[in-house]
Amino acid sequence: MTVNLAPGTAPFVVDGNVQFTIAVNGAYYRCTVADEVLCRYFGDTRQSGNRLAAFERGRERILAVAAAMTWRGPLIQLQSMDF
């Protein structure tokens, strides 16, 4: 399944976490990927604070994991255990 960011949206940072919206089969899901995920799996450090760059490095995997979690409902929070 191909998953993309919802049309007209872009990821953004809130309190160190990256928030984004995906569209899956016509439904929209608001997602948050925790800063710990970005640091542990996608090369960010808490000192660099470059969360969006880390998100872009892991974008394909992050979106795939988020799409697999749509059973959780319209608000999806991704933590380390999800990866």
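Here is a short conversation about a predicted model of a protein chain.

Me: Let's start with the layout. In what order do the elements of the protein chain run from the N terminus on?
Reply: Happy to help! The protein chain has three helices and five strands. Read from the N terminus on, the order is β-β-β-β-α-α-α-β.

Me: How compact is the protein chain for its length?
Reply: The C-alpha trace spans about 40 × 25 × 20 Å along its principal axes. The globule rule gives 12 Å for 83 residues, and the radius of gyration of the protein chain is close to that, so the chain is as compact as a globular protein of that length. The radius of gyration itself is 12 Å.

Me: What percentage of the residues in the protein chain is buried?
Reply: A residue counts as buried when its relative accessible area is under 20%. Of the 83 residues in the protein chain, the buried share is 47%.

Me: Which element gives the largest share of the largest nonpolar core?
Reply: Nonpolar side chains tend to be buried together in soluble globular proteins. Here the largest nonpolar core has 24 residues, and among those touching the most other members are Phe20, Val33 and Ile62. Elements giving two or more residues to this core include β3 (17-24), β4 (27-33) and α3 (59-68). The largest share, five residues, comes from α3.

Me: Which elements do the buried residues of α3 pack against?
Reply: The buried residues in α3 are Ile62, Leu63, Val65, Ala66 and Ala67. Their packing partners are β1 (4-5), β3, β4, α1, α2 and β5.

Me: Which residues does Val33 touch, leaving out those up to four places away in sequence?
Reply: Val33 is one of the core residues that touch the most other members. Leaving out residues up to four places away in sequence, Val33 touches Asn17, Val18, Phe20, Leu38, Phe55, Ile62 and Leu78.

Me: Is Thr21 buried or exposed?
Reply: Thr21 is found in strand β3. Beyond four places away in sequence, Thr21 touches Asn4, Leu5, Ala6, Thr9, Tyr28, Tyr29 and Arg30. Its relative accessible area is 13%, and the cut-off for a buried residue is under 20%, so Thr21 is buried.

Me: One last thing, about charge. How far apart do the centres of the positive and negative side chains lie?
Reply: The protein chain has 8 positive and 7 negative side chains. The centres of these two sets lie apart by 1 Å.

Methods. Residues numbered from 1 in each chain as written. Predicted model: local features only at pLDDT ≥ 70, side-chain atom pairs only at ≥ 80, totals over all residues. Heavy atoms only, no water. Helix = DSSP H or I, 4+ residues; strand = E, 2+ residues; numbered from the N terminus. Rg over C-alpha atoms; globule rule 2.2 N^0.38 Å. Buried < 20%, exposed > 50% of the residue type's maximum accessible area, 1.4 Å probe, protein only. Lys, Arg positive; Asp, Glu negative; His and termini not counted. Charge placed at Lys NZ, Arg CZ, Asp CG, Glu CD. Core = buried A, V, L, I, M, F, W, Y, C linked by side-chain atoms within 4.5 Å. Contact = heavy atoms within 4.5 Å.
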